[in-house]
Amino acid sequence: MDMVMKLGAASGVVIFTKSSCCISHSIEILIRSFGANPIIYELDTHPNGKQMEKALIELGCQQSVPAIFIGKELVGGANEIMSLNVRGKLKQLLIRANAIWV
């Protein structure tokens with residue numbers, strides 16, 4: 001679990017995903033559309049992917065991917081990101097995390 005938390009704190013935005021997950025890809029595109037450049041960890045191709053996936057589930061992720069960290073905090077999955085976006089709060093969160101500049 002510590003490894004995932006350290007990786008999640010390594011950048012303004014970190015996304016744990018799987019290469020075949022279309023929802024993860026959509027979330028990545030949404031975040032990039034604001035100008036952010038997230039670090040992406042594809043669990044199905046990463047050497048420690050199985051351990052990372054287990055740690056994400058232990059952290060409370062319902063489904064392991066996508067799992068998004070913004071500003072060193074686990075925000076959650078696709079539902080949480082989409083909810084933030086619909087309410088107009090995703091951009092503010094990215095700004096506070098220094099992931100984008102206005």
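In the predicted model, Ile68 is in contact with Val13, Val14, Ile15, Ile27, Ile31, Glu73, Leu74, Val75, Gly76, Gly77, Ala78 and Ile81, leaving aside neighbours within four places in sequence. Ile68 belongs to strand β3. Its relative accessibility is 0%, so Ile68 counts as buried. Ser11 lies 57 residues from Ile68 in sequence, yet the two C-alpha atoms are 11 Å apart in space.

One of the contacts of Ile68 is Val14. Val14 sits in strand β1, which covers residues 13-17. At 0% relative accessibility, Val14 is likewise classed as buried. Beyond four places in sequence, Val14 touches Leu7, Gly8, Ile39, Tyr41, Ala67, Ile68 and Phe69. For Val14 and Lys54, a sequence separation of 40 residues goes with a C-alpha to C-alpha distance of 17 Å.

Helix α2 comes next. It runs over residues 22-33. Twelve residues at 1.5 Å each should span 16 Å, and the end C-alpha atoms of α2 are 16 Å apart, so the expected and modelled lengths agree. The buried residues of α2 are Ser24, Ile27, Glu28, Leu30 and Ile31. They occupy an arc of only 160 degrees around the axis, and therefore lie on the same side of α2. An α-helix has 3.6 residues a turn, so residues three or four places apart point the same way. The other side of α2 carries Cys22 and Ser33, both exposed. Cover for the buried residues of α2 comes from elements including β1, β2 (39-42), β3 (67-70), α4 and α5 (90-96). Two of these buried residues, Ile27 and Ile31, are among the contacts of Ile68 in β3.

Glu28 is the charged member of the buried set of α2. Its relative accessibility is 18%, and Glu28 therefore counts as buried, the cut-off being under 20%. Outside a window of four places in sequence, Glu28 touches Ile15 and Ile40. After α2 comes Gly35, with a positive phi near 100 degrees.

Helix α4 (78-86) shows a similar division into sides. The buried residues of α4 are Ala78, Ile81 and Leu84. Seen down the axis, these residues fall within an arc of 130 degrees, so they line one face of the helix. Exposed residues Asn79 and Val86 are carried on the face turned away from the buried side. The buried residues of α4 are covered by elements that include α2, β3, β4 and α5. Ala78 and Ile81 also appear among the contacts of Ile68. Just after α4, Gly88 takes a positive phi of about 75 degrees.

Which element gives the most to the lining of the largest pocket? Helix α4 does, with three residues. The pocket holds about 320 Å³ of space. Its lining comprises 16 residues, and those closest to the centre are Gln63, Val65, Pro66, Gly77 and Ala78. Ala78 is also one of the buried residues of α4. Strand β4 (73-76) and helix α4 each supply at least two lining residues. By class, the lining has nine nonpolar, six polar and one charged residues.

Backbone geometry picks out two further positions. Most residues other than glycine have a negative phi, and most peptide bonds are trans. Lys72 is a residue other than glycine with a positive phi, near 70 degrees. It is found in the loop between β3 and β4. At 54% relative accessibility, Lys72 counts as exposed. Asn98 also has a positive phi without being glycine, with a value near 60 degrees. Asn98 is placed in the segment after α5. Its relative accessible area is 53%, so Asn98 is exposed, the cut-off being over 50%.

Terms used:
Residues are numbered from 1 along each chain as its sequence is written. This is a predicted model: local features need pLDDT of at least 70, side-chain atom pairs count only at pLDDT 80 or more; totals for chains, interfaces and linings use all residues. Side-chain values use heavy atoms; hydrogens and water are left out. On a 1 Å grid over the protein atoms alone, a cavity is a set of points where a 1.4 Å probe fits but cannot get out, and a pocket is an open set with protein on both sides within 12 Å along at least five of seven lines; lining residues have an atom within 4 Å of a point. Grid points are joined across faces, edges and corners, and a volume is the space filled by probe spheres set on the points. Helices (H or I, at least four residues) and strands (E, at least two) are DSSP runs, numbered from the N terminus. Buried means under 20% relative accessible area, exposed over 50%, partly exposed in between (1.4 Å probe, protein chains only). Contact means heavy atoms within 4.5 Å. The expected span of a helix is 1.5 Å times one less than its number of residues. The arc is that of the directions from the helix axis to the C-beta atoms.
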